[in-house]
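Load the structure in your viewer and keep the selection panel open. The stops below are meant to be taken in order.

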Amino acid sequence: MPVIIMKSILLIGLGRFGRHIAMKLHELGHQIMAVDIQEQRLTPVLSYVTNAQIGDSTDEDFLYSLGVNNFDVCIVAIGDNFQSSLETTSLLKEMGAQLVVARAARDIHAKFLLRNGADEVVYPEKQLASWTAIRYTADHIMDYIELDGEYSIFEISIPEAWDKKSISYLDIRRIHKINIMAIKRDGKLNMDVTSETILSKADTMLVLGKLKDIQKCFHL
(Lines give C-alpha, C1' and ligand atoms only; values in the text may rest on other atoms or scores of the structure.)
Protein backbone atom coordinates (compact mmCIF):
# COMPACT_ATOMS: atom_id res chain seq x y z
CA MET A 1 0.00 0.00 0.00
CA PRO A 2 1.34 3.48 -0.80
CA VAL A 3 2.19 5.69 2.15
CA ILE A 4 -0.09 8.74 2.34
CA ILE A 5 1.66 11.78 3.82
CA MET A 6 -0.78 14.04 5.64
CA LYS A 7 -1.06 17.46 4.02
CA SER A 8 -2.84 20.67 4.89
CA ILE A 9 -5.41 21.63 2.28
CA LEU A 10 -7.29 24.88 1.75
CA LEU A 11 -10.51 24.00 -0.07
CA ILE A 12 -12.49 26.93 -1.45
CA GLY A 13 -15.96 26.26 -2.81
CA LEU A 14 -18.25 23.64 -1.29
CA GLY A 15 -20.67 22.83 -4.08
CA ARG A 16 -21.12 19.19 -5.07
CA PHE A 17 -17.60 18.93 -6.47
CA GLY A 18 -16.05 20.56 -3.41
CA ARG A 19 -18.03 18.35 -1.03
CA HIS A 20 -16.80 15.19 -2.74
CA ILE A 21 -13.22 16.46 -2.56
CA ALA A 22 -13.63 17.17 1.16
CA MET A 23 -14.97 13.67 1.81
CA LYS A 24 -12.13 12.01 -0.08
CA LEU A 25 -9.45 14.17 1.55
CA HIS A 26 -10.90 13.27 4.95
CA GLU A 27 -10.81 9.59 4.02
CA LEU A 28 -7.13 9.96 3.10
CA GLY A 29 -6.35 11.59 6.46
CA HIS A 30 -5.51 15.13 5.36
CA GLN A 31 -6.19 18.34 7.31
CA ILE A 32 -8.76 20.49 5.54
CA MET A 33 -9.72 24.12 5.90
CA ALA A 34 -13.03 24.57 4.06
CA VAL A 35 -14.23 27.97 2.84
CA ASP A 36 -17.46 29.07 1.21
CA ILE A 37 -19.42 32.30 1.05
CA GLN A 38 -22.65 30.42 1.86
CA GLU A 39 -23.07 28.91 5.33
CA GLN A 40 -25.51 26.25 4.12
CA ARG A 41 -22.84 24.77 1.88
CA LEU A 42 -20.41 24.35 4.78
CA THR A 43 -22.82 22.54 7.09
CA PRO A 44 -22.79 19.16 5.24
CA VAL A 45 -18.96 18.93 5.33
CA LEU A 46 -18.31 19.93 8.94
CA SER A 47 -17.74 16.32 9.98
CA TYR A 48 -15.11 15.89 7.24
CA VAL A 49 -13.02 19.04 7.68
CA THR A 50 -10.60 20.28 10.33
CA ASN A 51 -11.88 23.84 10.21
CA ALA A 52 -14.42 25.87 8.25
CA GLN A 53 -14.80 29.56 7.49
CA ILE A 54 -17.67 31.53 5.97
CA GLY A 55 -16.30 34.27 3.77
CA ASP A 56 -15.75 35.75 0.34
CA SER A 57 -12.55 34.37 -1.17
CA THR A 58 -12.29 37.39 -3.49
CA ASP A 59 -11.93 39.63 -0.41
CA GLU A 60 -8.20 40.13 -0.07
CA ASP A 61 -8.29 40.78 3.70
CA PHE A 62 -10.35 37.65 4.36
CA LEU A 63 -8.15 35.45 2.21
CA TYR A 64 -4.99 36.86 3.78
CA SER A 65 -6.36 36.04 7.25
CA LEU A 66 -6.39 32.34 6.33
CA GLY A 67 -2.60 32.23 5.97
CA VAL A 68 -2.71 30.68 2.52
CA ASN A 69 1.06 30.27 2.27
CA ASN A 70 0.92 27.76 5.15
CA PHE A 71 -1.13 25.22 3.16
CA ASP A 72 0.47 22.49 1.07
CA VAL A 73 -2.30 22.71 -1.52
CA CYS A 74 -5.00 25.30 -2.26
CA ILE A 75 -7.95 23.94 -4.25
CA VAL A 76 -10.34 26.40 -5.89
CA ALA A 77 -13.48 24.32 -6.47
CA ILE A 78 -15.80 27.22 -7.27
CA GLY A 79 -18.02 26.13 -10.14
CA ASP A 80 -20.87 28.63 -10.38
CA ASN A 81 -18.95 31.91 -10.72
CA PHE A 82 -15.90 31.94 -12.98
CA GLN A 83 -15.02 35.54 -12.12
CA SER A 84 -14.78 34.62 -8.43
CA SER A 85 -12.74 31.54 -9.28
CA LEU A 86 -10.32 33.60 -11.36
CA GLU A 87 -9.94 36.35 -8.75
CA THR A 88 -9.46 33.81 -5.96
CA THR A 89 -6.84 31.90 -7.94
CA SER A 90 -4.91 35.09 -8.69
CA LEU A 91 -5.01 36.28 -5.07
CA LEU A 92 -3.84 32.91 -3.75
CA LYS A 93 -0.76 33.00 -5.92
CA GLU A 94 -0.02 36.63 -5.06
CA MET A 95 -0.14 35.70 -1.37
CA GLY A 96 2.44 32.95 -1.80
CA ALA A 97 0.29 29.81 -2.08
CA GLN A 98 2.58 26.82 -2.71
CA LEU A 99 0.32 24.91 -5.10
CA VAL A 100 -2.95 26.20 -6.56
CA VAL A 101 -5.33 23.76 -8.24
CA ALA A 102 -8.37 25.33 -9.91
CA ARG A 103 -11.54 23.91 -11.39
CA ALA A 104 -12.36 24.71 -15.03
CA ALA A 105 -15.50 24.00 -17.03
CA ARG A 106 -14.16 25.11 -20.43
CA ASP A 107 -10.82 25.32 -22.22
CA ILE A 108 -10.95 29.10 -22.26
CA HIS A 109 -11.43 29.08 -18.48
CA ALA A 110 -8.37 26.86 -18.10
CA LYS A 111 -6.24 29.25 -20.15
CA PHE A 112 -7.21 32.23 -18.00
CA LEU A 113 -6.73 30.31 -14.76
CA LEU A 114 -3.27 29.12 -15.78
CA ARG A 115 -2.27 32.64 -16.80
CA ASN A 116 -3.50 34.04 -13.50
CA GLY A 117 -1.85 31.82 -10.94
CA ALA A 118 -3.19 28.26 -11.23
CA ASP A 119 -0.46 25.62 -11.18
CA GLU A 120 -2.86 22.90 -12.25
CA VAL A 121 -6.38 22.85 -13.70
CA VAL A 122 -8.97 20.07 -13.40
CA TYR A 123 -12.03 19.52 -15.57
CA PRO A 124 -14.44 17.35 -13.53
CA GLU A 125 -17.26 17.35 -16.09
CA LYS A 126 -14.98 16.93 -19.12
CA GLN A 127 -12.91 14.21 -17.47
CA LEU A 128 -15.98 12.30 -16.30
CA ALA A 129 -17.53 12.59 -19.77
CA SER A 130 -14.41 11.10 -21.37
CA TRP A 131 -14.28 8.32 -18.79
CA THR A 132 -17.94 7.44 -19.28
CA ALA A 133 -17.74 7.45 -23.07
CA ILE A 134 -14.70 5.16 -23.15
CA ARG A 135 -15.64 2.94 -20.21
CA TYR A 136 -19.11 2.06 -21.43
CA THR A 137 -18.47 1.61 -25.14
CA ALA A 138 -16.29 -1.50 -24.71
CA ASP A 139 -17.32 -4.52 -22.63
CA HIS A 140 -13.76 -5.45 -21.65
CA ILE A 141 -12.75 -2.06 -20.16
CA MET A 142 -13.14 -1.87 -16.36
CA ASP A 143 -11.53 1.52 -15.74
CA TYR A 144 -9.68 4.29 -17.51
CA ILE A 145 -7.43 7.19 -16.47
CA GLU A 146 -6.20 9.84 -18.90
CA LEU A 147 -2.76 11.01 -17.78
CA ASP A 148 -2.48 13.75 -20.41
CA GLY A 149 -3.58 14.29 -23.98
CA GLU A 150 -1.47 11.34 -25.18
CA TYR A 151 -0.97 8.70 -22.47
CA SER A 152 -3.59 6.72 -20.56
CA ILE A 153 -3.94 3.85 -18.10
CA PHE A 154 -6.60 1.21 -18.74
CA GLU A 155 -7.84 -1.64 -16.60
CA ILE A 156 -8.76 -4.13 -19.27
CA SER A 157 -9.61 -7.82 -19.69
CA ILE A 158 -6.77 -10.03 -20.81
CA PRO A 159 -7.45 -11.19 -24.38
CA GLU A 160 -8.18 -14.89 -24.84
CA ALA A 161 -5.27 -15.13 -27.29
CA TRP A 162 -2.91 -14.11 -24.46
CA ASP A 163 -4.21 -16.74 -22.01
CA LYS A 164 -1.52 -18.93 -20.38
CA LYS A 165 1.28 -17.08 -22.20
CA SER A 166 4.11 -15.08 -20.64
CA ILE A 167 4.66 -11.38 -21.22
CA SER A 168 8.07 -12.10 -22.78
CA TYR A 169 6.60 -14.70 -25.14
CA LEU A 170 3.98 -12.23 -26.34
CA ASP A 171 6.65 -9.48 -26.61
CA ILE A 172 3.94 -6.97 -25.71
CA ARG A 173 6.10 -3.92 -25.17
CA ARG A 174 7.95 -4.21 -28.49
CA ILE A 175 5.00 -5.23 -30.64
CA HIS A 176 2.22 -3.15 -29.10
CA LYS A 177 4.25 -0.33 -27.44
CA ILE A 178 2.35 -0.66 -24.15
CA ASN A 179 3.47 -1.57 -20.62
CA ILE A 180 1.68 -3.95 -18.27
CA MET A 181 1.83 -2.27 -14.86
CA ALA A 182 -0.14 -4.74 -12.74
CA ILE A 183 -2.36 -7.81 -12.79
CA LYS A 184 -5.68 -7.82 -10.94
CA ARG A 185 -6.99 -11.18 -9.69
CA ASP A 186 -10.05 -11.64 -7.48
CA GLY A 187 -10.07 -7.91 -6.73
CA LYS A 188 -6.42 -7.90 -5.57
CA LEU A 189 -3.75 -5.93 -7.42
CA ASN A 190 -0.35 -7.52 -8.02
CA MET A 191 2.31 -4.98 -8.99
CA ASP A 192 5.07 -7.61 -9.14
CA VAL A 193 4.93 -8.07 -12.89
CA THR A 194 7.96 -9.40 -14.79
CA SER A 195 8.65 -10.59 -18.30
CA GLU A 196 7.99 -14.14 -17.08
CA THR A 197 4.54 -13.38 -15.63
CA ILE A 198 1.94 -15.75 -17.08
CA LEU A 199 -1.32 -14.09 -18.11
CA SER A 200 -4.77 -15.53 -17.53
CA LYS A 201 -7.97 -14.57 -19.34
CA ALA A 202 -9.75 -14.76 -15.96
CA ASP A 203 -7.78 -11.74 -14.74
CA THR A 204 -7.61 -8.08 -15.73
CA MET A 205 -4.51 -5.93 -16.15
CA LEU A 206 -3.47 -2.31 -15.87
CA VAL A 207 -1.78 -1.17 -19.06
CA LEU A 208 0.01 2.12 -19.72
CA GLY A 209 0.63 3.58 -23.13
CA LYS A 210 -0.38 6.04 -25.79
CA LEU A 211 -4.13 6.01 -26.30
CA LYS A 212 -3.75 5.24 -30.02
CA ASP A 213 -1.53 2.21 -29.27
CA ILE A 214 -3.94 0.85 -26.64
CA GLN A 215 -6.88 1.34 -29.01
CA LYS A 216 -5.03 -0.51 -31.77
CA CYS A 217 -3.89 -3.36 -29.53
CA PHE A 218 -7.30 -4.06 -28.00
CA HIS A 219 -9.46 -2.97 -30.96
CA LEU A 220 -11.21 -0.26 -28.96
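This tour of a predicted model goes from a helix to the sheet strands and then to the cysteines.

**Stop 1: helix 1**

Select residues 16-27, which make up helix 1. The helix has twelve residues, and the distance from its first C-alpha to its last is 17 Å, close to the 16 Å expected at 1.5 Å a residue.

Now colour G18, I21, A22 and L25, the buried residues of helix 1. These four lie on the same side of the helix because they cover an arc of only 100° around its axis. The spacing fits a general rule: an α-helix has 3.6 residues a turn, so residues three or four places apart point the same way.

Turn to the other side of helix 1 and show R16, H20 and E27, which are exposed.

What lies over the buried residues of helix 1? Add strand 1 (8-12), strand 2 (31-36) and strand 4 (73-76) to the view; the cover includes these three strands.

Before leaving, pick G29, just after helix 1: its phi is positive, at about 90°.

**Stop 2: the parallel sheet**

Show the open sheet next, formed by six strands in the order 3-2-1-4-5-6 with parallel pairing. Its edges are strand 3 (51-54) and strand 6 (120-122), each of which pairs on one side only. On average, and with direction ignored, neighbouring strands in this sheet are turned by 20° against each other.

Zoom in on strands 2 and 3, which run parallel and are joined by four bridges. Within this part of the sheet, select V35 and then Q53 in strand 3, which stands opposite V35.

**Stop 3: strands 8 and 11**

Move to residues 151-157, strand 8. How many of its seven residues are buried? Six are, so that the strand is mostly covered under the cut-off of under 20% relative accessible area.

Add residues 204-210, strand 11, which runs antiparallel to strand 8 and is joined to strand 8 by seven bridges. To check the register, select S152 and G209: G209 is the bridge partner of S152 in strand 11.

**Stop 4: the cysteines**

A disulfide is a covalent bond between the sulfur atoms of two cysteines. How many disulfides does the structure hold? The count is zero.

Select C74 and C217 to finish. C74 counts as buried because its relative accessibility is 0%. C217 has a relative accessible area of 12% and is therefore buried as well, the cut-off for buried being under 20%.

Conventions
Residues are numbered from 1 along each chain as its sequence is written. This is a predicted model: local features need pLDDT of at least 70, side-chain atom pairs count only at pLDDT 80 or more; totals for chains, interfaces and linings use all residues. Side-chain values use heavy atoms; hydrogens and water are left out. Helices (H or I, at least four residues) and strands (E, at least two) are DSSP runs, numbered from the N terminus. The expected span of a helix is 1.5 Å times one less than its number of residues. Buried means under 20% relative accessible area, exposed over 50%, partly exposed in between (1.4 Å probe, protein chains only). The arc is that of the directions from the helix axis to the C-beta atoms. Contact means heavy atoms within 4.5 Å. A disulfide is a pair of cysteine sulfur atoms within 2.5 Å. Two strands pair if DSSP finds at least two bridges between them. Axes are lines fitted to C-alpha atoms, for helices over the stretch in contact, and angles run from 0 to 180 degrees between N-to-C directions.
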